[in-house]
Amino acid sequence: VEKQVAVTIYDINGKEVSKLRDERQTPGEHEVVWDGRDQQGEEVSSGMYLARLSVGHSYQVKKLILIR
């Protein structure tokens with residue numbers, strides 16, 4: 001059964017930096033790669049970021065460290 005899947009990157013203050021995925025997907029293994037850029041294509045600075053994965057009504061948040 002397909003579910004709505006969203007992967008969003010936030011800065012440490014909670015501001016949305018980039019939305020990597022927001023679509024319906026089938027169950028299974030999928031890969032998403034963040035290139036360290038914001039929605040406008042500009043490189044973001046080194047630091048801690050949060051990646052939020054939402055699947056249906058569930059979500060997980062993971063810390064990311066970007067080192068340039």
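These are my notebook entries on a predicted model of a single chain.

**Entry 1. Overall make-up**

I began with the secondary structure. The chain contains zero helices and four strands, and along the sequence I read the pattern β-β-β-β. I then took the extents of the C-alpha trace, which spans about 40 × 20 × 20 Å along its principal axes. Of the 68 residues in the chain, 25% are buried. I also looked up the contacts with a separation of 6 or more: residues 24 or more positions apart account for 34% of them.

**Entry 2. The sheet**

In which order do the four strands lie in the sheet? I found an open sheet with the order E2-E1-E3-E4 and antiparallel pairing. Strand E2 (16-25) and strand E4 (58-66) are the edge strands, each pairing on one side only. From one strand to the next, the twist averages 15°. As background, I noted that strands of a sheet pair through backbone hydrogen bonds, in either a parallel or an antiparallel sense.

**Entry 3. E1 and E2**

I counted the bridges next. E1 and E2 pair in the antiparallel sense over eight bridges. One of the facing pairs is Ile9 with Ser18 in E2. The two strands form a hairpin with four residues between them. I checked the backbone of that turn and found that Gly14 has a positive phi of about 90°.

**Entry 4. E1 and E3**

Strand E1 (residues 3-11) and strand E3 (residues 47-55) run antiparallel and are joined by seven bridges. I looked up two positions here. Val5 stands opposite Val55 in E3, and the bridge partner of Ile9 in E3 is Ala51. Ile9 therefore has a partner in E2, Ser18, as well as Ala51 in E3, in keeping with the strand order E2-E1-E3-E4.**Entry 5. E3 and E4**

How many bridges join E3 to E4? I found nine, with the two strands running antiparallel. Ser54 stands opposite Tyr59 in E4, and the bridge partner of Val55 in E4 is Ser58. E3 and E4 form a hairpin with two residues between them. In that turn, I recorded a positive phi of about 60° for Gly56.

**Entry 6. The nonpolar core**

I turned to the packing of side chains. The largest nonpolar core has seven residues in all: Ile9, Val17, Trp34, Val44, Tyr49, Ala51 and Leu66. I chose Val44 for a closer look. Leaving out residues up to four places away in sequence, I found that Val44 touches Val17, Trp34, Gly36, Arg37, Asp38, Tyr49, Leu66 and Arg68.

**Entry 7. The largest pocket**

I searched next for open space at the surface. Rolling a probe the size of a water molecule over the atoms shows where empty space is left. The largest pocket has a volume of about 280 Å³. Its lining consists of 21 residues, and those nearest its centre are Val5, Gln25, His30, Leu53 and Val55. Which elements give two or more residues to this lining? They are E1, E2 and E3. The largest share, four residues, comes from E1. I noted that Val5 and Val55, both listed nearest the centre, also stand opposite each other in the pairing of E1 with E3.

**Entry 8. Two residues of E4**

I closed with two positions on an edge strand. Lys62 is found in strand E4. Not counting residues up to four places away in sequence, Lys62 touches Tyr49, Leu50 and Ala51. Two of these, Tyr49 and Ala51, also belong to the largest nonpolar core. I also took the distance from Lys62 to Asp35, 27 residues apart along the chain, and found their C-alpha atoms separated by 16 Å.

The second position was Ile65, likewise placed in strand E4. Is Ile65 buried or exposed? I classed Ile65 as exposed because its relative accessible area is 61%, and the cut-off for exposed is over 50%. Its contacts, again without residues up to four places away in sequence, are with Gly47 and Met48. The C-alpha atoms of Ile65 and Ser46, 19 residues apart along the chain, are separated by 7.5 Å.

Definitions and conventions. Residues are numbered from 1 along each chain as its sequence is written. This is a predicted model: local features need pLDDT of at least 70, side-chain atom pairs count only at pLDDT 80 or more; totals for chains, interfaces and linings use all residues. Side-chain values use heavy atoms; hydrogens and water are left out. Two strands pair if DSSP finds at least two bridges between them. Axes are lines fitted to C-alpha atoms, for helices over the stretch in contact, and angles run from 0 to 180 degrees between N-to-C directions. A nonpolar core is a set of buried Ala, Val, Leu, Ile, Met, Phe, Trp, Tyr and Cys residues joined through side-chain atoms within 4.5 Å. Buried means under 20% relative accessible area, exposed over 50%, partly exposed in between (1.4 Å probe, protein chains only). Contact means heavy atoms within 4.5 Å. On a 1 Å grid over the protein atoms alone, a cavity is a set of points where a 1.4 Å probe fits but cannot get out, and a pocket is an open set with protein on both sides within 12 Å along at least five of seven lines; lining residues have an atom within 4 Å of a point. Grid points are joined across faces, edges and corners, and a volume is the space filled by probe spheres set on the points.
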